[in-house]
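Let's take a walk through this protein together, starting with the whole and then moving in to the details. Have a look at it first.

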Amino acid sequence: MPPYQHHVFFCTNERAADDPKGSCVHKGSIALHLHAKDRCFQRGLKGSVRVNKAGCLDTCAQGPAVVVYGEKDPPGGVWYTVNTTVDVDDIIQSHLVEGNVVERLKMKQNP
Ligand code: FES
């Protein structure tokens, strides 16, 4: 049995500001990651949900990139574009607590 029901990765890769590929850090991913960690802790999800930083997830144009893996999720995980703390809260409530993918935040093209 895996140690967590869900494992969540936030891309916190940073490139130079003038790099045409852009990067999730320049779209706010550090603050979004911290918000997710804080909110999961506040909601008592520590132990069942793990929230980690990740390097580039190779979906830069669709970032800030987040991927969720879980026992009941597809083997390749569920990939999200997360722009705001409201988006983070929706993923926590709908996906991590209730088990429902947040369709409005799914990436247009999964890797
Ligand atoms: S920099 Fe975030 S997916 Fe590439």
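How much of the protein do buried residues make up? They come to 32% of its 111 residues, where "buried" means that 20 or more other C-beta atoms lie within 10 Å of a residue's own; 12 or fewer makes it exposed, anything in between partly exposed, and the C-beta atoms are placed from the backbone. Before going on, bear in mind that this is a predicted model: local features need pLDDT of at least 70, side-chain atom pairs count only at pLDDT 80 or more, and totals for chains, interfaces and linings use all residues. Residues are numbered from 1 along each chain as its sequence is written.

Now for the overall plan. The protein has 2 helices and 4 strands, both being DSSP runs numbered from the N terminus (helices are H or I with at least four residues, strands E with at least two). Read from the N terminus, the order is β-α-β-β-β-α. The radius of gyration is 13 Å, close to the 13 Å that the globule rule gives for 111 residues, so the protein is as compact as a globular protein of that length. That radius is taken over C-alpha atoms, and the rule is 2.2 Å times the number of residues to the power 0.38. Along its principal axes, the C-alpha trace spans about 40 × 25 × 25 Å.

Let's see how the strands go together. Two strands count as paired if DSSP finds at least two bridges between them. Strand 1 runs parallel to strand 2, joined to it by 6 bridges, and here F9 stands opposite N52. Strand 1 also pairs with strand 3, this time in the antiparallel sense over 5 bridges, with H6 opposite G70. Strand 3 in turn pairs with strand 4, antiparallel again, over 4 bridges; V68 faces V78 there. As for strand 1 itself, 5 of its 6 residues are buried, so it is largely enclosed by the rest of the structure.

On to helix 1. At 1.5 Å a residue, its 14 residues (29-42) should span 20 Å, and the end C-alpha atoms are indeed 20 Å apart; the expected span is 1.5 Å times one less than the number of residues. Which residues of helix 1 are buried? They are S29, L32, H33, H35, A36 and C40. Seen down the helix axis, these buried residues fall within an arc of 160 degrees, so they line one face of helix 1; the arc is that of the directions from the axis to the C-beta atoms. An α-helix has 3.6 residues a turn, so residues three or four places apart point the same way. On the other side of helix 1, A31, F41 and Q42 are exposed. Strand 1, strand 2 and helix 2 are among what covers the buried residues. After the helix comes G44, with a positive phi near 75 degrees.

Helix 2 has its own buried residues: D87, V88, I91, I92, H95 and L96. They pack against strand 1, helix 1, strand 2, strand 3 and strand 4. Just after helix 2, G99 takes a positive phi of about 80 degrees.

So what sits in the middle of these packed elements? The largest nonpolar core has 24 residues, a core being a set of buried Ala, Val, Leu, Ile, Met, Phe, Trp, Tyr and Cys residues joined through C-beta atoms within 7 Å. Those with the most contacts inside it are V8, A36, V66, V67, Y80, V82 and I91. Each of the 2 helices and 4 strands supplies at least two residues of this core. Take Y80: leaving aside neighbours within four places in sequence, Y80 is in contact (C-beta atoms, placed from the backbone, within 7 Å) with V66, I91, V102, L105, K106 and M107.

The loops deserve a look too. T12 lies in the loop between strand 1 and helix 1, and with 20 C-beta neighbours inside 10 Å it counts as buried. The C-alpha atoms of T12 and K53 are 6.0 Å apart, although 41 residues separate the two along the chain.

Finally, turn to the loop between strand 2 and strand 3, where you'll find D58 and P64. Most residues other than glycine have a negative phi, and most peptide bonds are trans. D58 has a positive phi, near 65 degrees, and is exposed because it has just 9 C-beta neighbours inside 10 Å. The peptide bond from G63 to P64 is cis, with omega near 5 degrees.

Methods
Contact = placed C-beta atoms within 7 Å.
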